[in-house]
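Biologist: I should like to learn how to read the features of a protein model. May we go through one together?

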Amino acid sequence: MRGEYCIGSASVLSFVSLVLLIFMHVGQINTSTVPRGISMVNVNTSGYGQGLAAALGDPIFGLYTDNASAPLQQQEGIRQLYKYGLYSYCGYVNGSQGICSNTSAANRFEPLGNMVADMSMNYSGVTTALITQGAFIDSNYLGDFTNGAYYLIIIGSVCAALALFTGLLKHTVLFFLSTLFAVLGSLTLLIGATIWTVMIQKAQSINKFVVGPSAAPVPLGITVSTGDALFLLWAAWACLLVSILPYMISCCTYRG
């Protein structure tokens, strides 16, 4: 019975891990209810107009677009909120109305580049001249690391699925394979989640950026925050990690 309990608990843990990963993967693939609420990272630009006005000393007009269907990266105006997933990012003019970029594997996290591509040329030039430090402006750095993290997460997701399905077939060799898949999946998910966590923390340096006169500086108005998908990723990693021990016990004790 000990073996039955072990394989049962391991299967439940790997199943939960796989479900969490599936939800994480669908984040921001479109603007429907479920994908819209799941993202790796969020970039709120709703206060940037005010910050830019303080920096320039002039009122700001035409920085944002109110058209939820306006295409991204076409100088149509920035959105109030940008949300990034593994396959695309979406720009929202309010909490629910927005549009997403083309879907592709290993979507790169390049927040400043995406914002500037939405601005008219006069604001894009001012923005690149104004924001001159911090990881937020380094699109290659953020993009390259998050691009690499995607492939680690894919490998971990596949391993979680293989651990679940091989563990359902009761055989000592297959339990051994389930253990190996769980170990490999846990390792790759850990590295992928760590990379995303570090990149988000690096990008959050923009949250403390201030502009305006030194006597009365004001926040720039761009805020980077962690999305729910990253928490799903860490939870999936934890479930798959915990499944290793019961898979291993099943491999060593099963007699069938």
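Modeller: The turns that follow take up the disulfide, the sheet, the core and some single residues. This is a predicted model, in which local features need pLDDT of at least 70 and side-chain atom pairs count only at pLDDT 80 or more, while totals for chains, interfaces and linings use all residues. Residues are numbered from 1 along each chain as its sequence is written, and side-chain values use heavy atoms, with hydrogens and water left out.

Biologist: How many disulfides does the structure hold?

Modeller: A disulfide is a covalent bond between the sulfur atoms of two cysteines. Here the term is applied to a pair of cysteine sulfur atoms within 2.5 Å. The structure holds one: the sulfur atoms of Cys90 and Cys100 are 1.9 Å apart. Cys90 lies in strand 3 (residues 89-92) and Cys100 in strand 4 (residues 98-100), so the link ties together parts that are ten residues apart in sequence. Strands (E, at least two residues) and helices (H or I, at least four) are DSSP runs, numbered from the N terminus. The link is right-handed, with 90° about the S-S bond.

Biologist: Why is Cys159 not bonded to Cys239?

Modeller: The closest cysteine sulfur to that of Cys159 is in Cys239, and the 16 Å between them is too far for a bond. Cys239 is in no disulfide. Cys159 is buried at 4% relative accessibility; buried means under 20% relative accessible area, exposed over 50%, and partly exposed in between (1.4 Å probe, protein chains only). Cys239 is buried too, with a relative accessible area of 17%.

Biologist: In what order do the strands of the sheet lie?

Modeller: Two strands pair if DSSP finds at least two bridges between them. Five strands form an open sheet in the order 4-3-2-1-7, with antiparallel pairing. Strand 4 and strand 7 (223-226) stand at the edges with a single partner strand each, so one side of each has no neighbour in the sheet. Four bridges join strand 1 to strand 7, and Val43 has Val224 in strand 7 as its bridge partner.

Biologist: Which residues have the most contacts inside the largest nonpolar core?

Modeller: In soluble globular proteins, nonpolar side chains tend to be buried together. A nonpolar core is a set of buried Ala, Val, Leu, Ile, Met, Phe, Trp, Tyr and Cys residues joined through side-chain atoms within 4.5 Å. The largest one has 59 residues, and those with the most contacts inside it are Tyr48, Phe136, Trp196, Ile222 and Leu233. Helix 8 gives the most to this core, with ten residues. Neighbours within four places in sequence aside, Leu233 is in contact (heavy atoms within 4.5 Å) with residues including Leu21, Met40 and Ile153.

Biologist: What does Thr197 touch?

Modeller: Thr197 is found in helix 7 (residues 172-203). Residues up to four places away in sequence are not counted, and Thr197 then touches Leu230 and Trp234. Its side chain also reaches the backbone oxygen of Ala193 at 2.8 Å.

Biologist: Is Gln28 buried or exposed?

Modeller: Gln28 counts as buried, at 0% relative accessibility. Gln28 lies in the loop between helix 1 and helix 2 (33-36), and has a positive phi of about 65° although it is not a glycine. Gln75 also has a positive phi, near 60°. Gln75 is in the loop between helix 3 and strand 2 and counts as partly exposed, at 46% relative accessibility.

Note on methods:
A polar contact is a pair of N or O atoms within 3.5 Å; within protein, one must be able to donate a hydrogen and the other to accept it, and residues adjacent in sequence count only if both atoms are side-chain atoms.
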